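Trainee: Could we take a close look at a single part of this structure, going slowly enough for someone in a first year of study? I would like to see how one strand fits into its surroundings.

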Amino acid sequence: KDLVEWFKKRPLRLETKSFRCVHACWDPQEMDILSKYVGIDGVASDDAIFREASRDNASIYRLLYGTDIQMPWGVTFRDPDGVLHRNCRIRWWIESARPTWKELLISRFSGLERFPDSVVPSALFRTSPPQKITFIGHYWLEPKSPKTPLTPMVACLDYSAGSGGPV
């Protein structure tokens with residue numbers, strides 16, 4: 001409970017002249033929707049935002065969890081806890097207007113090698129490549145992977161820190 005209270009006092013997003021920070025996804029459209037709950041400092045000014053912070057609230061979900069889409073052809077995967085997933089997070093920062101499934105989907109788990117190199121129909125996803133350096137967390141990238149920016153404008157700071165990996 002103390003940790004939750006601590007997080008409530010932190011900005012949902014932070015923007016300076018030279019960089020941005022957000023937990024999972026920098027999306028100006030969703031931030032506009034949430035602006036009624038957020039002060040100029042980026043901190044939620046109303047507990048209502050936390051009551052609404054569920055999968056049903058697309059705006060807060062996108063900022064805190066990122067974007068996911070249903071995988072094609074009935075493909076599923078199980079995470080290390082055995083939970084079956086039909087959806088997979090996407091690289092919302094991707095600059096390609098016509099990414100393939102392998103380029104768009106993010107997963108630390110096996111199964112993505114099964115996807116063909118076919119282009120994802122644009123109606124299935126929305127990307128928002130940052131125009132300013134953006135720091136994100138949340139994605140639990142493979143701890144042994146190189147610690148390099150995801151793009152020239154996006155860097156992930158979480159390499160499985162929640163399960164003992166590096167930050």
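Mentor: What follows is a walk outward from one strand, S2, to its sheet, the core and the charged pairs around it.

Please keep in mind from the start that this is a predicted model. The protein chain contains five helices and nine strands, and along the sequence these run in the pattern α-β-β-α-α-α-β-β-β-β-α-β-β-β. Of the 167 residues in the protein chain, 39% are buried.

Now turn to strand S2, which covers residues 19-22. In a regular strand the side chains alternate between the two faces of the sheet. Along S2 this can be followed residue by residue, since Arg20 and Val22 point to one face and are buried, while Phe19 and Cys21 point to the other face and are not buried.

Which strands lie beside S2? On one side there is strand S1, residues 13-15, which pairs with S2 in the antiparallel sense over three bridges, and the two form a hairpin with three residues between them. Within this pairing Leu14 stands opposite Cys21, and Glu15 has Arg20 as its bridge partner. Glu15 and Arg20 are also joined through their side chains, which meet in a salt bridge with an N to O distance of 3.0 Å. The two ends of that salt bridge differ in their surroundings, because Glu15 is partly exposed, at a relative accessible area of 43%, whereas Arg20 is buried, at 14%.

S2 also pairs with S8, in the parallel sense and over three bridges, and here Phe19 has Ile133 in S8 as its bridge partner. Strands of a sheet pair through backbone hydrogen bonds, either parallel or antiparallel. Taken together, four strands form an open sheet in the order S1-S2-S8-S9, with mixed pairing. S1 and S9 stand at the edges of this sheet, each with a single partner strand, so one side of each is left without a neighbour there. On average, neighbouring strands of this sheet are turned by 15° against each other, direction ignored.

From the sheet we can step into the core. Val22, one of the buried residues of S2, is among the residues with the most contacts inside the largest nonpolar core, which has 19 residues; the others in that group are Trp92, Trp93, Ile136 and Tyr139. Helix H2 (28-34), helix H4 (58-65) and strand S9 (154-156) each supply at least two residues of this core. A second, separate core of 13 residues includes Ile69, Val75, Ile90 and Phe125.

Ile136 deserves a moment of its own, as strand S8 covers residues 133-136. Leaving aside neighbours within four places in sequence, Ile136 is in contact with residues that include Val22, His23 and Ala24, the tryptophans Trp92 and Trp93, and also Leu150, Val154, Ala155 and Cys156. Contacts between distant positions also matter for the whole count: among the contacts in the protein chain with a separation of 6 or more, 47% are between residues 24 or more positions apart.

Let us finish in the loop between S2 and helix H2, where Asp27 is found. The side chains of Asp27 and Arg62 meet in a salt bridge with an N to O distance of 2.3 Å, and this pair links distant parts of the chain, since Arg62 sits in helix H4, 35 residues apart from Asp27. Both ends count as buried, because Asp27 has a relative accessibility of 2% and Arg62 has a relative accessible area of 6%. Arg62 has buried company in H4, where Ser59, Ile60, Tyr61 and Leu63 are buried as well.

A further pair brings in helix H2 itself: the side chains of Arg126 and Glu30 meet in a salt bridge at 3.2 Å, N to O. Arg126 lies in the loop between strand S7 and strand S8, while Glu30 belongs to helix H2, 96 residues apart. Here the two ends differ, because Arg126 is partly exposed, with a relative accessible area of 33%, whereas Glu30 counts as buried at 8% relative accessibility. Asp27, Glu30, Arg62 and Arg126 are linked in a network of salt bridges, and the count of salt bridges comes to five.

Technical notes: Residues numbered from 1 in each chain as written. Predicted model: local features only at pLDDT ≥ 70, side-chain atom pairs only at ≥ 80, totals over all residues. Heavy atoms only, no water. Core = buried A, V, L, I, M, F, W, Y, C linked by side-chain atoms within 4.5 Å. Buried < 20%, exposed > 50% of the residue type's maximum accessible area, 1.4 Å probe, protein only. Contact = heavy atoms within 4.5 Å. Salt bridge = Lys/Arg side-chain N within 4 Å of Asp/Glu carboxyl O. Pairing = 2+ DSSP bridges. Axes fitted to C-alpha atoms, helices over the stretch in contact; angles between N-to-C directions.
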